[in-house]
Amino acid sequence: MVNQSKPTVAIFGGSFDPPHRGHQEIVRKAVETLEINRLLVVPAYLNPFKNRSLASAEKRLEWCHHLFDDIPKVTVNDYEIRQGKSIRTSQTVKHFNIMYEVHYLIIGSDNLSTLTKWHAFEWLNKTVTWVIATRKNHPLYTEKLRSWKILELDFSISSSKIRKEMDLHYIDNKIKQSVQKTLKENRE
């Protein structure tokens with residue numbers, strides 16, 4: 001019997017509240033540069049370090065489907081949202097390791113300063129290769145990482161800045177009206 005290996009994947013999780021052109025560029029560049037069979041975009045039900053989101057989990061999932069479904073090798077997965085609660089990254093990696101070989105975990109360089117506080121950081125650090133998307137004004141603290149790759153982007157945009165300033169410049173036209181409506185509803 002032939003031993004078939006599992007497909008190799010990268011996971012890109014996050015709140016995507018809202019997803020913006022920086023997220024789209026990360027996905028595009030990761031698919032281009034990483035040796036993977038599939039990239040899984042996994043919106044969080046709720047980020048473990050946050051107590052709320054602007055948009056509902058269902059709305060953020062819908063936005064991700066609009067932006068990423070047409071990209072070859074990319075799948076938007078609702079695993080964390082289906083759990084109906086905050087899910088730790090280690091649990092997500094373990095879940096997907098059943099079907100796939102989770103080789104890469106994509107994070108923004110803004111996460112590096114708190115990465116060692118993540119649940120089961122040591123296990124994650126032994127299990128995955130970190131793919132770090134650079135962001136302006138966020139240094140690359142890689143000394144604690146066993147294995148990593150850099151995705152050079154240097155976008156200065158963040159979802160929190162979009163929410164705070166209601167600046168839709170970095171929001172794709174596919175979801176711009178929906179994001180604008182959600183931002184306005186939450187301001188009232």
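This section describes the strand pairing, the nonpolar cores, one helix and one loop residue of a predicted model.

Strand 4 (101–108) has parallel partners in both strand 1 and strand 5. With strand 1 (8–14), the pairing is parallel and comprises five bridges; within it, Val 9 is bridged to Val 102 of strand 4. Five bridges, again in the parallel sense, link strand 4 to strand 5 (residues 129–135), and here Leu 105 has Trp 130 of strand 5 as its bridge partner. Helix 5 (121–127) joins these two strands in a β-α-β unit, composed of strand 4, helix 5 and strand 5, that is right-handed. Of the eight residues of strand 4, six are buried, so the strand is largely enclosed by the rest of the structure.

The largest nonpolar core contains 35 residues. Leu 34, Leu 39, Val 41, Phe 68 and Ile 106 have the most contacts inside this core. Helix 2 is its main contributor, giving six residues. Apart from this core lies another, of 21 residues, which includes Ile 11, Val 102, Leu 115 and Trp 130. Two residues named in the strand pairing therefore recur in this other core: Val 102, the bridge partner of Val 9, and Trp 130, the bridge partner of Leu 105.Beyond its neighbours within four places in sequence, Val 41 is in contact with Phe 12, Phe 16, Val 27, Cys 64, Phe 68, Val 74, Thr 75, Val 76 and Asn 77.

Helix 4 spans residues 89–97, and its buried residues are Ser 90, Thr 92, Val 93, Phe 96 and Asn 97. These residues lie on the same side of helix 4, because the arc they cover around the axis is only 160 degrees. In an α-helix there are 3.6 residues a turn, so residues three or four places apart point the same way. The elements against which the buried residues of helix 4 pack are strand 1, strand 2 (38–43), helix 3 (79–83), strand 4 and helix 5.

Ser 53 is placed in the loop that runs between strand 2 and helix 2 (57–68). Its relative accessible area is 18%. As the cut-off for a buried residue is under 20%, Ser 53 counts as buried. When residues up to four places away in sequence are not counted, Ser 53 touches Asp 17, Tyr 45, Leu 46 and Arg 60.

How values were computed: Residues numbered from 1 in each chain as written. Predicted model: local features only at pLDDT ≥ 70, side-chain atom pairs only at ≥ 80, totals over all residues. Heavy atoms only, no water. Buried < 20%, exposed > 50% of the residue type's maximum accessible area, 1.4 Å probe, protein only. Helix = DSSP H or I, 4+ residues; strand = E, 2+ residues; numbered from the N terminus. Arc of directions from axis to C-beta. Contact = heavy atoms within 4.5 Å. Pairing = 2+ DSSP bridges. Right-handed = clockwise from strand over helix to strand, strands pointing away. Core = buried A, V, L, I, M, F, W, Y, C linked by side-chain atoms within 4.5 Å.
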